[in-house]
Amino acid sequence: MRRPNILVIAGHDPSGGAGIQADIESVAAQGAHAATVISLLTCQDTTNVYGVEPVTTDFFARCLDAALADMSFAAIKLGVIASREHVAIIADRLKQLPDVPLIIDPVLVAAGGGTLADDSVGQALRAQLFERATAITPNAREARALCDGDSDLERCGVALSQRTQHVLITGGDEAGPQVINRRYSDGQPGQRYEWPRLDGVFHGSGCTLASAIAAQIALGRDVGDAFEQAQHYTWQTLNRAFAAGRGQRLPARTTAFSS
């Protein structure tokens with residue numbers, strides 16, 4: 001039995017809540033396989049990020065080349081990327097895979113406020129990878145940062161969708177009784193998805209969602225269906241989240257939930 005392979009490039013979170021472990025669990029729950037290349041190591045827990053150590057540029061390139069030489073991929077998912085040099089390496093290698101769907105979760109700041117990537121990485125992502133991407137999935141804070149601080153999410157979504165095929169701006173970090181996620185395509189005003197807001201703060205929800213989208217696309221769904229299925233799955237993982245440490249709760253990702 002073969003499963004579609006998803007190439008995941010992201011960081012390592014020792015708590016297991018976000019990053020590579022979240023990606024592996026989310027992809028597996030959809031029925032796909034995650035092959036992973038780690039961009040950086042983090043010192044973090046369920047509360048915050050306290051430090052990051054990027055993988056050296058040469059070793060990062062070697063790991064990526066080894067994965068590409070050995071396996072074929074039905075989708076690619078990017079999480080936190082360590083540096084502009086890493087972005088350039090990824091952009092170069094993607095020339096070998098012009099038709100493989102690319103999902104970018106532009107992780108710039110952790111939920112607890114710790115910085116994972118600086119502004120230069122966001123600028124490099126915009127300049128070198130957004131045009132190639134099938135979809136990007138920033139949260140509201142990341143969307144504003146990628147739009148040079150514009151506070152209007154509608155303008156941000158339209159602007160970002162002029163750079164890439166599809167945008168899903170998530171609203172979990174906003175206030176209100178409902179979580180409102182917004183989809184934009186082709187520079188046009190988008191579709192709203194509303195989800196009941198759950199009590200508590202969660203660690204790794206963005207990784208969970210983006211990886212589920214990548215896996216759903218790899219399994220043959222179109223982008224709209226993949227967005228809907230992945231949001232449903234992510235909401236269910238948060239609804240069943242558990243406390244592994246003293247901080248944010250972790251999504252229960254290891255079970256697939258029917259829509």
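A search of the whole structure, a predicted model, returned 10 salt bridges. Side chains of opposite charge can pair when their charged atoms come close. Three of these pairs are described here, followed by a helix contact and two loop residues.

Arg-253 and Glu-25 form one of the salt bridges, with 3.0 Å between the closest N and O atoms. This pair links distant parts of the chain. Glu-25 belongs to helix 1, residues 19–30. Arg-253 lies in the segment after helix 8 (223–239). The two residues are 228 residues apart. Their surroundings were also assessed. Arg-253 has a relative accessible area of 2% and is therefore buried, the limit being under 20%. Glu-25 reaches 21% and is partly exposed.

A second salt bridge joins the side chains of Asp-65 and Arg-93, at 2.6 Å from N to O. Here too the pair links distant parts of the chain, 28 residues apart. Asp-65 sits in helix 2 (residues 57–70). Arg-93 sits in helix 3 (residues 84–93). Asp-65 is partly exposed, with a relative accessible area of 33%. Arg-93, by contrast, is buried at 15%.

The third pair is Arg-126 and Asp-148, whose side chains meet in a salt bridge of 3.4 Å, N to O. Arg-126 is part of helix 4 (residues 119–128). Asp-148 lies in the loop between helix 5 (140–146) and helix 6 (153–161). The partners are 22 residues apart and link distant parts of the chain. Arg-126 is buried, with a relative accessible area of 15%. Asp-148 has a relative accessibility of 66%, so this residue counts as exposed. Salt bridges with shared partners also build a network, which joins Asp-65, Asp-92, Arg-93 and Lys-95.

Two members of that network, Asp-65 and Arg-93, also take part in the contact between helix 2 and helix 3. Two packed helices are described by the angle between their axes and the distance between the axes. The axes of helix 2 and helix 3 come within 10 Å. They cross at roughly 25 degrees. Angles under 35 degrees count as roughly parallel, and helix 2 and helix 3 are therefore roughly parallel to each other. The crossing of helix 2 past helix 3 is right-handed.

Helix 2 contributes Thr-57, Phe-60, Ala-61, Leu-64, Asp-65 and Leu-68 to this contact. From helix 3 come Glu-85, His-86, Ile-89, Ile-90 and Arg-93. By class, the contact has 6 nonpolar, 2 polar and 3 charged residues. Asp-65 and Arg-93 are thus found in the helix contact and in a salt bridge with each other.

Backbone angles bring Asp-148 back into view. Its phi is near 60 degrees, a positive value in a residue other than glycine. Asp-148 is the loop partner of Arg-126 in the salt bridge described above. The loop that holds Asp-148 runs between helix 5 and helix 6. Asp-148 is exposed because its relative accessible area of 66% is over 50%.

Asp-186 also has a phi near 60 degrees, again a positive value in a residue other than glycine. Asp-186 is placed in the loop between strand 8 (178–185) and strand 9 (188–196). With a relative accessible area of 63%, Asp-186 is exposed.

How values were computed
Residues numbered from 1 in each chain as written. Predicted model: local features only at pLDDT ≥ 70, side-chain atom pairs only at ≥ 80, totals over all residues. Heavy atoms only, no water. Salt bridge = Lys/Arg side-chain N within 4 Å of Asp/Glu carboxyl O. Helix = DSSP H or I, 4+ residues; strand = E, 2+ residues; numbered from the N terminus. Buried < 20%, exposed > 50% of the residue type's maximum accessible area, 1.4 Å probe, protein only. Axes fitted to C-alpha atoms, helices over the stretch in contact; angles between N-to-C directions. Parallel < 35°, antiparallel > 145°, perpendicular 65-115°, else oblique. Left-handed = near helix turned anticlockwise from the far one by under 90°. Contact = heavy atoms within 4.5 Å. Nonpolar A, V, L, I, M, F, W, Y, C, P; charged D, E, K, R; others polar.
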